[in-house]
Amino acid sequence: MCPGFWVHINHMCLLILLYYFKNVLSIDDIQKIFHPLKEMFYDEKSKSIGIDEIYAQIFTMEKKMTDKLTKDVLRRFQTSQEMFCDVKDDDEKDYLSRFAFICLLSFDAYLKKQMVERLIDDTLADM
C-alpha cells in the first residue's frame, strides 16, 4: 500500500458496485441509486447495517443466483439450436442458431435493463 494512502471499506464497496453498474446504467441512474445508499448507510449512519454488509449480502445472493442463471442461458442456447431446422446449409444454420442465441440473450438483457431503469425512475427519483 502507498504511504499515506488509505481507502475506507465503504468506499471500496461503492467503487466495486460502480464498476458493475457502469456497464448497464447511465451515470445519472447510478447517482440516483448511490445517493440514498450513501445518505442512509455510509460512514455507519445506520445503526443496523453498513455498506460493507450490504455489499456482502448482495454478492452472496449473486453467487447463489449464478446456478439459476447458467441453467437459463443453457435453455436459451438449446432453444436457439432448435430454431431454423428447415435451413439445409450447415454454415447458414450454424450462423442463424448463433444469431438467434445472441438475440435471445440480448432481448433478455434489454428487458432487464428497462425494468431496472423504470424501478430507478419510479422509486428513487425523489430520494
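In this predicted model, helix H1 (residues 9-21) and helix H2 (residues 27-41) cross at roughly 160°, and their axes come within 12 Å. An angle over 145° counts as roughly antiparallel, and H1 and H2 are therefore roughly antiparallel to each other. Their crossing is right-handed. On the H1 side, the residues that make the contact are Asn10, Leu14, Leu17, Leu18 and Phe21, and H2 answers with Ile30, Ile33, Phe34, Leu37, Lys38 and Phe41. Sorted by class, the residues of this contact comprise nine nonpolar, one polar and one charged.

H1 also packs against H3, and here the picture can be set beside the one just given. The axes of H1 and H3 lie 8 Å apart, at an angle of about 40°. H1 and H3 are therefore oblique to each other, and they cross in a left-handed sense. From H1, the contact draws on Ile9, Asn10, Cys13, Leu14, Ile16, Leu17 and Tyr20, while H3 supplies Ile51, Asp52, Tyr55 and Phe59. The class tally for H1 with H3 reads nine nonpolar, one polar and one charged residues. Readers following H1 in the structure will find Asn10, Leu14 and Leu17 among its residues in the contact with H2, and Asn10, Leu14 and Leu17 are also among those that H1 brings to the contact with H3.

A further helix pair is formed by H3 and H4. Their axes are 8 Å apart and the packing angle is about 140°. That angle makes H3 oblique to H4, because roughly antiparallel would require an angle over 145°. The crossing of H3 past H4 is right-handed. H3 contributes Val73, Arg76, Phe77, Thr79, Ser80 and Gln81, which meet Ser97, Ala100, Phe101, Leu104, Leu105 and Asp108 of H4. This contact of H3 with H4 is made up of six nonpolar, four polar and two charged residues.

These pairs belong to a protein chain with four helices and zero strands, whose elements run α-α-α-α from the N terminus on. How far does the overall form depart from a compact globule? The radius of gyration of the protein chain is 20 Å, whereas a compact globule of 127 residues would have one near 14 Å. The C-alpha trace spans about 65 × 40 × 25 Å along its principal axes. Of the 127 residues, 23% count as buried. Among the contacts with a separation of 6 or more, 57% are between residues 24 or more positions apart.

Individual residues add some detail to this outline, starting with two aspartates. Asp29 is found in helix H2 and has a relative accessible area of 7%; the cut-off for burial is under 20%, so Asp29 is buried. Leaving aside residues up to four places away in sequence, Asp29 touches Glu117, Ile120 and Asp121. Asp72 lies in helix H3 (residues 51-82) and is likewise buried, with a relative accessible area of 18%. The C-alpha atom of Asp72 is separated by 9.9 Å from that of Leu105, although their positions lie 33 residues apart along the chain. Leu105 itself is one of the H4 residues that meet H3.

Is Leu74, also found in helix H3, buried or exposed? With a relative accessible area of 53%, Leu74 is exposed. Leu74 and Lys93 are 19 residues apart in sequence, and their C-alpha atoms are 19 Å apart in space.

The last residue to consider sits outside the helices. Phe84 is placed in the loop between H3 and helix H4 (90-123). Its phi is positive, at about 60°, although Phe84 is not a glycine. Phe84 counts as partly exposed, at 31% relative accessibility.

Note on methods:
Residues are numbered from 1 along each chain as its sequence is written. This is a predicted model: local features need pLDDT of at least 70, side-chain atom pairs count only at pLDDT 80 or more; totals for chains, interfaces and linings use all residues. Side-chain values use heavy atoms; hydrogens and water are left out. Axes are lines fitted to C-alpha atoms, for helices over the stretch in contact, and angles run from 0 to 180 degrees between N-to-C directions. Helices (H or I, at least four residues) and strands (E, at least two) are DSSP runs, numbered from the N terminus. Angles under 35 degrees count as roughly parallel, over 145 as roughly antiparallel, 65 to 115 as roughly perpendicular and the rest as oblique. A crossing is left-handed if the near helix is turned anticlockwise from the far one by less than a right angle, and right-handed if clockwise. Contact means heavy atoms within 4.5 Å. Ala, Val, Leu, Ile, Met, Phe, Trp, Tyr, Cys and Pro count as nonpolar, Asp, Glu, Lys and Arg as charged, and the others, Gly among them, as polar. The radius of gyration is taken over C-alpha atoms; the globule rule is 2.2 Å times the number of residues to the power 0.38. Buried means under 20% relative accessible area, exposed over 50%, partly exposed in between (1.4 Å probe, protein chains only).
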